[in-house]
Structures are given as structure tokens and as C-alpha cells.
Amino acid sequence: MHFDRSFKDRFNSHIDWSGSASGGECLDWAGSVSIHGYGSLRYKGNWLRAHRVAWELKHGPIAKGVCVCHKCDNTRCVKVAHLFLGTQADNISDKVRKNR
């Protein structure tokens, strides 16, 4: 998905750049949060997950069916270094391995 400059600016304005909410490791989303705890924002009438937007802003489009997973297990984190791509099975395996 191609994001215009004003959307990128709006996205960046909702990040807690201090990292204080997570003890300094993560970049936490300070905007709207879904009922499942994921950062969320609207773009052209659609709700998007903030961590997926962060990935796309850095790396480009995400293939259909691919998950953006959190290494840090912090659903509000948008720090790209804490994210990785995987399948739903990869995400579930990661969850089981970490006893979450």
C-alpha cells in the first residue's frame, strides 16, 4: 500500500518516541488501540494495524496471507527491529515457544 506524506506524519505523531511505556525497549503506539491491544489507525476509510503500517513504511507491501509478528510480544510496539514476517503457523509456534 502506498501511504502519502500526511499519513506518514500522522502515523509518526502517534508513536511514544520516549519508549517509557515499555521500559525503553519498544516504540509504543500511543494512538487508538483495538480490543485485542494492537495499535490501530484509519487510512482512506479502513482500519489498519499500526505494526503492519510500520513494516510497510520501512520495507514495502506485505504479501497477502503474511503476518507481521512481534519478537517483543508487545502488541503496541511499532519498532521495525522488533517485527518479523511469518505465516499464521509461525506466529502460533512463536506463541507456544514463549508460553504466551
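Biologist: Which residues does leucine 41 touch, not counting residues up to four places away in sequence?

Modeller: Happy to start there, keeping in mind that this is a predicted model. With those sequence neighbours set aside, the contacts of leucine 41 include Arg10, Asn46, Leu48 and Ala50. The rest of the list is Phe7, Phe11, Trp29, Trp47 and Val53.

Biologist: Which residues have the most contacts inside the largest nonpolar core?

Modeller: That core has 17 residues. H1, strand S3 (40-43) and H2 each supply at least two of them, and H2 gives the largest share, 4 residues. The residues with the most contacts inside the core are Phe7, Phe11, Trp29, Leu41, Val53 and Val78.

Biologist: Thanks! Turning to open space, which residues are the closest to the centre of the largest pocket?

Modeller: About 290 Å³ of space lies in this pocket. Its lining is made of 16 residues, and the closest to the centre are Tyr38, Val68, His70, Asn91 and Arg100.

Biologist: Which element gives the most to the lining of the largest pocket?

Modeller: Helix H2 (50-59), strand S5 (67-70) and helix H3 (88-97) each bring at least two residues to that lining. By class, the lining has 5 nonpolar, 5 polar and 6 charged residues. With 5 residues, the element that gives the most is H3.

Biologist: How many nonpolar residues are in the lining of the second largest pocket?

Modeller: About 160 Å³ of space lies in this pocket, and helix H1 (5-13) and H2 each supply at least two lining residues. Among the residues that line the pocket are Phe11, Ile15, Trp17, Leu27 and Val80, along with Lys8, Lys58 and Lys79. By class, the lining has 3 charged residues, 1 polar residue and a nonpolar count of 8.

Biologist: Now the cysteines: why is there no bond between the sulfur of cysteine 67 and the closest cysteine sulfur?

Modeller: A disulfide needs the two sulfur atoms within 2.5 Å. The closest cysteine sulfur to that of cysteine 67 belongs to cysteine 69, and there is no bond because the distance is too far, at 5.2 Å.

Biologist: And how far away is the cysteine sulfur nearest to that of cysteine 77?

Modeller: By the 2.5 Å rule, the count comes to 0 disulfides. Cysteine 77 is therefore in none, and its nearest cysteine sulfur, that of cysteine 26, lies at a distance of 3.7 Å.

Biologist: Last one: is cysteine 77 buried or exposed?

Modeller: Buried means under 20% relative accessible area. Cysteine 67, at 14%, is buried. Cysteine 77 has a relative accessible area of 0%, so the word for this residue is buried.

Definitions and conventions
Residues are numbered from 1 along each chain as its sequence is written. This is a predicted model: local features need pLDDT of at least 70, side-chain atom pairs count only at pLDDT 80 or more; totals for chains, interfaces and linings use all residues. Side-chain values use heavy atoms; hydrogens and water are left out. On a 1 Å grid over the protein atoms alone, a cavity is a set of points where a 1.4 Å probe fits but cannot get out, and a pocket is an open set with protein on both sides within 12 Å along at least five of seven lines; lining residues have an atom within 4 Å of a point. Grid points are joined across faces, edges and corners, and a volume is the space filled by probe spheres set on the points. Ala, Val, Leu, Ile, Met, Phe, Trp, Tyr, Cys and Pro count as nonpolar, Asp, Glu, Lys and Arg as charged, and the others, Gly among them, as polar. A nonpolar core is a set of buried Ala, Val, Leu, Ile, Met, Phe, Trp, Tyr and Cys residues joined through side-chain atoms within 4.5 Å. Buried means under 20% relative accessible area, exposed over 50%, partly exposed in between (1.4 Å probe, protein chains only). Contact means heavy atoms within 4.5 Å.
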